[in-house]
Structures are given as structure tokens and as C-alpha cells.
Amino acid sequence: MKKVEVFKPVLVSNKERARENRKFFDGMDSLVINIISSPGAGKTSIISKLVEHFKNKHTILIIEGDIKGDIDSSRLSKLKVDIVQINTLTECHLDAFMVAQVLPKIEKKYDLILVENVGNLVCPAEFEIGEDFKSAILSTPEGDDKPLKYPLLFHLAKVVVINKCDLLPYVNFDLKKAREAIKGENPKAHVFEVSAKTDEGLGELYRFLERKLDAKKKAKR
Ligand SMILES: Nc1nc2c(ncn2[C@@H]2O[C@H](COP(=O)(O)OP(=O)(O)OP(=O)(O)O)[C@@H](O)[C@H]2O)c(=O)[nH]1
Ligand SMILES: [Mg+2]
């Protein structure tokens, strides 16, 4: 049997394309966050909260990645910010080339670009897209062992949001264990405990991102 090793070259060329995307985003002084989680952990819900909080002060673009359809984009359209939908069809993640196809559609500067990656804890972590940083969302019903079982994302994510904390009384999720597992993978990770349903903990996340937006603005001066 003959084997063709494509995985590494794909990642290498993806990395190069991601660098080009990054140059483009840096040229616009945009803070780009690549939001990754299992299906249903709360990416769209958190994006919705971030947009509601930041949209009066900052210009925002959402890049919405889904295998098929535009359910989340339709849900977010009521927020009246610009949205670009990417349908990956057969791919379980966004890659730098898919995001590159969006760039010609970006006609103005955005302070904040929120990218909702395809719901998957594994593949999206492998592919850089030109982001400033990755944010992993882990929801409490998934279990506190996920950072141990799917370490790469938690190793790479600068920000980890533990969502659905309102469900803690009903699910088997030990916050201390989860934090230890995340910190074991990435001691520098910023970890937030929130509920997109009750808004608990979101203030701290907003303040953190506000500081990142400020830093981006200062860097361009
Ligand atoms: N109880 C509770 N439910 C939540 C919370 N955040 C989101 N949900 C619910 O969880 C479900 C999935 O949330 P979404 O925001 O659609 O999750 P997602 O990660 O965008 O899902 P996909 O795009 O399909 O991968 C929805 O029914 C939300 O209302 C939360 O903090 N607490
Ligand atoms: Mg979603």
C-alpha cells in the first residue's frame, strides 16, 4: 500500500497563509479572536454577549464558520453588526485559506473580529487562521476532564471560558479539577467562569478583552 503524507505540508502552508492573514488584520489594527469549542458549548451565545457589550464602543465583525447553513449568522443578525458566513462543507474546522477568502469582503476597519470556528474540540486547534489568540470554550455539562482528553486546544488557547456555570449544581463538573487540568496544559491561560444565560462572570471577561482592545490601539500609535 502506498501512503501520501499530506498532513504536515498542509499545516506548513496553512501557517504561511495564516501569517499573511495576520498581516492583513494587523494592517487594520483588528483584534482577532478564534473561538473554539465542542458543538453547543456556547460559542454563539458568548459572541452574542460580547457584541452586545462592545458594539457601542467598538466596530465589530463576526466571521461565522459552520459546516452547513447559516443558523448562527441568522441568530446573530439581530445584533446589527457585520457578519460573514463561511460554510466549510466537508471540513470540520476553519483554516487560513478559508479565512483568506473572506479578506476581500472586508471593506472597512474593525476593532474586533470574532471568529466562530466549527464546533469541534480537536481539528480547529491545529489550524491557525491569523488570529491574535484562540479562546477555548468549555461548558460544564461536557465534564471537567476535557482539557486532559483534548489537550492541544487547551495548550494553545490564551483564554479559556468555562461556560454554563449556572448548571454547576446539576452536573458533574469540578471547577478546581478543570482549572488544574487547564493550567497543567497552559500555565499562562486566562480562565474565566461564566454563564451566558445568567451573565455571571462575564464582567471579568469584558474587562480582560477591553484591556486587549486598548493594548491593540496603543500598539498602532
Ligand atoms: N444553561 C445554559 N445554557 C447555555 C449557556 N450558554 C449557552 N447555552 C445554551 O446552550 C445551547 C448551545 O449554545 P450555542 O451558543 O448555540 O452553542 P455553540 O457552541 O455556538 O453551538 P454550535 O455552533 O452548534 O457548535 C443553546 O441552547 C444555548 O441557549 C449557559 O451559560 N447556560
Ligand atoms: Mg454556534
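User: Happy to dig in! Which helices each supply at least two residues of the shell around ligand 1?
Analyst: In this predicted model, two helices each give at least two residues to the shell around ligand 1. One spans 43-54 and the other 71-76. They are helix H2 and helix H3.

User: Nice. Where does the largest share of that shell come from?
Analyst: The shell around ligand 1 holds 19 residues, and Lys 43, Thr 44, Ser 45, Arg 75 and Asp 166 come nearest. The largest share is three residues, and its source is H2.

User: How do the residues of the shell divide into nonpolar, polar and charged?
Analyst: Glad you asked, as the division helps when thinking about the ligand's surroundings. Four residues of the shell are nonpolar. The others divide into eight polar and seven charged.

User: What distance separates a polar side-chain atom of Arg 75 from an oxygen atom of ligand 1?
Analyst: Several side chains place a polar atom by a ligand oxygen: for Asp 72 the distance is 3.0 Å, and for Asn 163 it is 3.1 Å. For Arg 75, the distance to an oxygen atom of ligand 1 is 2.8 Å.

User: And how much of the area that ligand 1 exposes when taken alone does the protein bury?
Analyst: Taken alone, ligand 1 exposes 650 Å². The share of that area buried by the protein is 71%.

User: Let's move to strand E2. Is it largely enclosed or open, and why?
Analyst: Ile 60, Ile 62, Glu 64 and Asp 66 point one way from E2, while Leu 61, Ile 63 and Gly 65 point the other way. Residues on both sides are buried, which here means under 20% relative accessible area. Because seven of the seven residues in 60-66 are buried, E2 is largely enclosed by the rest of the structure.

User: Which residue of E3 stands opposite Ile 62, and what is the handedness of the crossover from E2 to E3?
Analyst: E2 pairs with E3 (residues 82-87) in the parallel sense over six bridges, and Ile 62 stands opposite Ile 83. The chain passes from E2 through H3 to E3, a β-α-β crossover that is right-handed.

User: What is the bridge partner of Ile 63 in E4?
Analyst: E2 also pairs with E4 (residues 112-116), in the parallel sense over five bridges. Within E4, the partner of Ile 63 is Val 115.

User: One last item: what is phi of Lys 164 near?
Analyst: Most residues other than glycine have a negative phi. Lys 164 lies in the loop between strand E6 and helix H8 and is partly exposed at 24% relative accessibility. Its phi is positive, near 65°.

How values were computed: Residues numbered from 1 in each chain as written. Chains lettered and ligands numbered in written order. Predicted model: local features only at pLDDT ≥ 70, side-chain atom pairs only at ≥ 80, totals over all residues. Heavy atoms only, no water. Near = heavy atom within 4 Å. Polar contact = N/O pair within 3.5 Å; in protein donor to acceptor, adjacent residues only side chain to side chain. Areas by Shrake-Rupley, 256 points an atom, 1.4 Å probe, with all protein chains shown as cover. Helix = DSSP H or I, 4+ residues; strand = E, 2+ residues; numbered from the N terminus. Nonpolar A, V, L, I, M, F, W, Y, C, P; charged D, E, K, R; others polar. Buried < 20%, exposed > 50% of the residue type's maximum accessible area, 1.4 Å probe, protein only. Pairing = 2+ DSSP bridges. Right-handed = clockwise from strand over helix to strand, strands pointing away.
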